[in-house]
Amino acid sequence: MLEMTKPEVTRRSDADETMETALDVQGVEVWYGPSRAVHGVSMQLPARRVTAFIGPSGCGKSTLLRCFNRMNELIPDCRVTGGIHIHGRDIHAPGTALEELRREVGMVFQKSNPFSKTIYDNVAYGPRVHGNKDRHALDGLVESCLKRVALWDEVKDRLKSSALDLSGGQQQRLCIARALAVDPRVLLMDEPASALDPRSTGRIEDLITELRDQYTIVIVTHNMQQAARVSDFTAFLYEGHLVEFNETQRLFTKPDHEQTNDYITGRFG
Amino acid sequence: MRHSANQALGTRAGGLHRRRLLADRLATWLIGLGGLSVVLAILLIFVFVGRVALPLFQGSQLGREQSVSAASGTPMVSGTDSYQDLVWSLDSTGVLHVVDAVRGGSQDLPLPLDSLERVVCVAQEGGLRTDHLAVGTDRGRVVLASVRTWRILEAATPFSQAELELEDPLAALDSLLEEIPGPVEGLAFARGESAGLLAWHGKGRLQVAVEDREMGQWSLPVLPEGVDESPVALAAAPNGERLALATGSGQLLLLQVEDGALSLVARQPLGLSASPTALAFLVGSKRLVAGDATGHLASLVEVQGEAGSRWIAAPLLAAHAAPVTRLVAGPRDRTLLSADAGGGVKLHYATTGRTLVEKSLPGRHFAFSPRGDALVVAGRDSLRRVELRNAHPEISWRALFGSLQYEGYAAPGAVWQSTGGSDDFEPKFSLLPLIFGTLKGTLFALLISVPLALLGAIYISQFAPTWLARTVKPAIEIMAALPSVIIGFLAGLVFAPWLEEKLTLVLSFVVILPLLILFMVPVWQRMPGHKLGPKGLPQLAQGLVLTLIAFLLAWLVAPLLDARLFGGSLIQWLQERAGVVYDQRNSLVVGFALGFAVIPIIFTMAEDALGNVPEALVNASLALGASRWTTVYRVVLPAAAAGVFAAVMIGLGRAIGETMIVLMATGNTPLLDPSPFNGFRAMSACIAVEISEAPLGGTLYRVLFFTALLLFLFTFAINSVAAFIGESLRKRHGRL
């Protein structure tokens with residue numbers, strides 16, 4: 001079956017530290033006009049762990065992910081019901097500042113989307129938007145963020161050149177650095193490596209592994225091997241329903257549900 | 001079998017391939033041809049317009065010189081008819097030699113002088129068919145004669161004939177003539193529409209006779225006190241109402257005829273260092289030029305001062321190296337011929353001070369042909385006719401783009417006034433008021449349209465709900481389809497009177513609305529349960545409510561302002577307190593109307609540019625916690641900068657070229673005044689208004705084409721700058 005490439009996963013999930021819940025999802029439903037895309041999903045995503053959402057195309061995994069930073073509200077006719085608490089705070093509570101929520105819950109998109117600005121300005125964009133105008137502090141922040149995504153050595157001599165000159169994989173890592181620059185607690189990744197070549201994909205996966213200590217990461221992927229490689233927990237969604245949410249190792253080796261087993265063994269998908 | 005099938009397939013595919021190739025080539029060729037012909041058409045228009053305008057700058061030349069006859073005797077005066085068929089000169093024995101330049105041969109017409117009586121000076125007043133001559137003799141007699149010419153058109157080669165007509169208007173005044181016992185030393189003669197004037201002097205006696213042309217009667221007015229009766233030069237104004245005298249000390253005396261009486265209206269230095277030798281009025285009777293013994297020329301112009309008119313120094317005319325012997329005013333415009341003792345001849349244009357022609361042309365007497373297209377030069381040994389190409393003497397760069405002292409104006413100015421009530425009108429072709437008008441109209445239009453169109457485009461592309469965007473966009477696009485005649489018509493006939501009535505209301509609304517928005521937004525945000533955004537009162541409704549409130553406030557405040565602050569009427573208050581004149585059709589009206597025409601262009605293009613910014617970038621920014629507005633400001637606008645800039649530039653180009661709106665909504669007054677409350681004349685409107693009145697090939701016609709050329713260059717420059725800046729913006733922010 002699937003080979004577990006990261007032994008730490010097992011070690012960490014076995015650790016007896018009490019797992020703090022980062023995202024508490026209670027009966028979330030998402031409607032696009034009259035049609036329901038997500039049906040009453042409830043789960044608790046642990047803090048500082050990587051959780052992967054898997055499932056066939058159109059199963060609602062991206063939609064569910066976009067609920068966590070309320071990006072779904074940008075879509076006309078989209079309606080989200082149910083409760084989502086992030087570190088205990090109801091994200092739908094009246095008076096919630098979207099800006100603050102999204103600062104706390106960063107997002108990386110499927111297709112890298114750097115601004116047509118310089119590499120430096122791309123990373124500094126978030127902090128600047130949130131009022132950090134201190135040149136010196138920004139310099140340090142940009143450097144540390146780029147180092148964290150292992151891009152620093154590649155771009156440190158051309159921080160002032162356009163971000164669009166970077167390769168696809170570099171651009172995606174830049175986007176991750178950009179998301180990290182506002183110091184989020186949760187990082188949502190919507191198929192971050194699906195548009196990349198295998199080598200770049202590998203680097204992104206390594207990066208996720210490195211970031212798991214500090215961030216709660218939720219990653220949507222259609223690539224089961226990837227989920228198995230990088231995540232601690234995996235949720236399997238099918239036609240808008242959460243079929244199974246489990247430790248990754250368990251879900252891929254001994255799933256509780258027959259449907260999960262069918263999917264991971266490739267009987268449908 | 002299989003092989004042949006393959007072959008059949010191959011040939012079929014080959015045929016298809018060939019046909020595709022052909023269609024492809026044909027399309028490429030057609031499209032190339034289309035593009036090329038557009039470029040060619042624009043280039044041709046440019047060349048055509050340029051060719052019509054070019055002669056303005058070709059200057060004046062003296063052309064072919066034709067010796068008509070060897071003169072006999074000393075020529076005192078010469079001339080030609082308007083067809084230049086006949087060239088004539090009068091010698092000192094009083095014989096008029098008329099030379100037929102078409103058929104050859106000549107005719108001598110003698111003046112009735114005594115056998116030993118000699119002509120000593122002649123004053124000439126040219127006309128299209130008749131030259132009036134005043135001939136003074138060494139016996140102190142003045143004879144009035146006219147050379148009348150007419151053309152025989154029935155002949156195979158049309159030719160002209162001349163006759164000498166004598167007038168003896170002074171017979172009734174005969175007794176007075178005896179008072180000049182010696183030869184006539186100086187003579188001035190002019191006939192205007194209603195008055196004629198004849199002045200002569202000799203032996204320290206100055207005699208002035210004036211003619212009432214309606215009654216056909218001559219009279220001898222009394223000379224005012226203090227008039228020097230032995231001037232060194234004298235000239236009569238073409239209108240027959242003015243006499244200028246130059247004294248040996250360089251003083252100018254101006255006498256005015258009014259109701260048959262003479263009055264001294266000016267006595268001032270001519271501004272010459274040596275003794276004056278010649279004096280001449282130019283067409284229009286408001287310019288005067290004097291020449292002196294050192295070859296210098298002084299030009300004077302009548303201007304409007306606070307206490308009536310006065311004469312001031314006009315542009316300097318180029319000096320001669322030798323004493324000035326003769327000044328001859330051109331028959332149709334402010335061209336002046338000056339000749340010196342060394343045989344040098346210069347043609348000047350008095351308004352601009354420009355020297356048109358400079359040539360050595362020895363002769364005793366010079367005359368312009370009646371149409372100003374030739375010179376007659378009479379020397380002791382020859383009578384010559386010289387072609388003169390002097391079609392646009394009034395044009396110089398200074399006349400087009402600088403300021404000049406025009407006749408009757410208080411100060412030098414840049415004036416556009418192409419036609420006047422009379423033939424002797426001084427045309428003023430400064431393009432500055434037109435360029436200024438175009439820029440002013442464009443500025444006001446952009447002031448109104450750019451903020452509205454851009455904010456509208458940002459709202460519709462970034463904030464508005466889909467249903468609204470789907471409704472508003474086509475609606476605004478339909479605005480662009482509205483013919484500009486209708487916009488101009490509504491603006492001029494409906495909006496302008498309304499604005500005049502409700503000026504205070506409109507202005508206070510314009511002030512109140514932004515203030516109200518600035519005030520309400522923080523208040524709204526602090527109100528519990530309300531927030532700006534889709535959940536509270538929809539943004540659109542908020543905007544509408546604010547607009548309504550602002551209008552109500554303005555409606556309430558305007559009458560108060562009018563009554564308390566402006567004493568009843570803002571327009572009157574402006575005029576009395578600030579000295580600002582309010583025209584009904586003013587720049588504000590044009591700004592609104594032209595803005596209305598430009599809004600759809602800017603809006604549509606800017607909306608497209610903003611809407612084309614990839615959703616991914618917007619999402620990236622929003623996901624980083626940027627607000628909607630921050631995203632627009634920091635991500636969307638920079639990314640769409642090239643398109644938005646292009647939109648504004650295209651709007652600018654449209655506003656500059658727009659004709660009907662500015663034509664109908666302004667008073668078309670060519671003013672150089674930045675006040676928003678008066679009108680202007682734009683280049684485009686000026687062309688539209690005046691081209692139909694401009695004689696083909698005339699100066700006005702060519703100046704209007706030159707204006708068109710400028711307009712063309714304006715829009716060309718704007719588009720080039722737009723393309724250039726757009727390209728660099730695209731390089732910086734683009735590559736999406």
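## Burial and one residue that falls in between

A residue counts as buried when its relative accessible area is under 20%, as exposed when that area is over 50%, and as partly exposed in between. In this predicted model, B:Val581 has a relative accessible area of 43%, and therefore B:Val581 is partly exposed. The residue sits in the loop of chain B between helix 9 (570-578) and helix 10 (587-611).

Which residues does B:Val581 touch, not counting those up to four places away in sequence? They are B:Gln575, B:Phe677 and B:Asn678. B:Ser675 can be placed in the same picture, for although B:Val581 and B:Ser675 are 94 residues apart in sequence, their C-alpha atoms are 8.6 Å apart in space.

## Chain A as a whole

Chain A contains 11 helices and 10 strands. Its radius of gyration is 18 Å, close to the 18 Å that the globule rule gives for 269 residues, so chain A is as compact as a globular protein of that length. Along the principal axes, the C-alpha trace of chain A spans about 55 × 45 × 35 Å, and 54% of the 269 residues of this chain count as buried. Among the contacts in chain A with a separation of 6 or more, 68% are between residues 24 or more positions apart.

The surface that chain A exposes comes to about 11300 Å², with carbon and sulfur atoms supplying 46% of it. Chain A carries 33 positive and 37 negative side chains, and the centres of these two sets lie 4 Å apart.

## Confidence in chain A

The mean pLDDT of chain A is 87, and 93% of the residues in this chain reach 70 or more. Over residues 1-16 of chain A, however, the pLDDT is below 50, although this stretch has 22 contacts in the model beyond near neighbours in sequence. Where pLDDT is low, the predicted coordinates should not be read in detail.

## Two buried residues of chain A

A:Thr201 belongs to helix 8 (residues 198-211) of chain A. Is this residue buried or exposed? A:Thr201 counts as buried, because its relative accessibility is 12% and the cut-off for burial is under 20%. When neighbours within four places in sequence are left aside, A:Thr201 is in contact with A:Ala193, A:Leu196 and A:Gln226.

A:Arg70 lies in a loop of chain A, the one between helix 2 (61-67) and strand 4 (78-86). With a relative accessibility of 10%, A:Arg70 counts as buried. The backbone of this residue also deserves a look, since A:Arg70 has a positive phi of about 55° although it is not a glycine.

## Chain B as a whole

Chain B has 15 helices and 30 strands. Its radius of gyration is 37 Å, well over the 27 Å that the globule rule gives for 736 residues, so chain B is more spread out than a compact globule. Taken along the principal axes, the C-alpha atoms of chain B fill a box of roughly 115 × 100 × 45 Å. Of the 736 residues in this chain, 49% count as buried, and residues 24 or more positions apart account for 59% of the contacts in chain B with a separation of 6 or more.

Chain B exposes about 34600 Å², of which carbon and sulfur atoms supply 61%. There are 57 positive and 59 negative side chains in chain B, and the centres of the two sets lie 20 Å apart.

## An exposed loop residue of chain B

B:Asp259 is placed in the loop between strand 16 (251-258) and strand 17 (261-269) of chain B. At 82% relative accessibility, B:Asp259 counts as exposed. Phi of B:Asp259 is near 50°, which is a positive value in a residue other than glycine.

## A covered helix in chain B

Helix 11 (residues 615-623) of chain B is mostly covered, with seven of its nine residues buried. The buried residues of this helix are B:Leu617, B:Val618, B:Asn619, B:Ala620, B:Ser621, B:Leu622 and B:Ala623. Just after helix 11 of chain B comes B:Gly625, which takes a positive phi of about 95°.

What covers the buried residues of helix 11 of chain B? The cover includes elements of both chains: from chain A, helix 3 (98-104), strand 6 (105-108), helix 4 (119-129) and helix 7 (168-180), and from chain B, helix 4 (432-463) and helix 12 (628-657).

Terms used
Residues numbered from 1 in each chain as written. Chains lettered and ligands numbered in written order. Predicted model: local features only at pLDDT ≥ 70, side-chain atom pairs only at ≥ 80, totals over all residues. Heavy atoms only, no water. Helix = DSSP H or I, 4+ residues; strand = E, 2+ residues; numbered from the N terminus. Rg over C-alpha atoms; globule rule 2.2 N^0.38 Å. Buried < 20%, exposed > 50% of the residue type's maximum accessible area, 1.4 Å probe, protein only. Contact = heavy atoms within 4.5 Å. Areas by Shrake-Rupley, 256 points an atom, 1.4 Å probe, with all protein chains shown as cover. Lys, Arg positive; Asp, Glu negative; His and termini not counted. Charge placed at Lys NZ, Arg CZ, Asp CG, Glu CD. pLDDT = per-residue confidence, 0-100.
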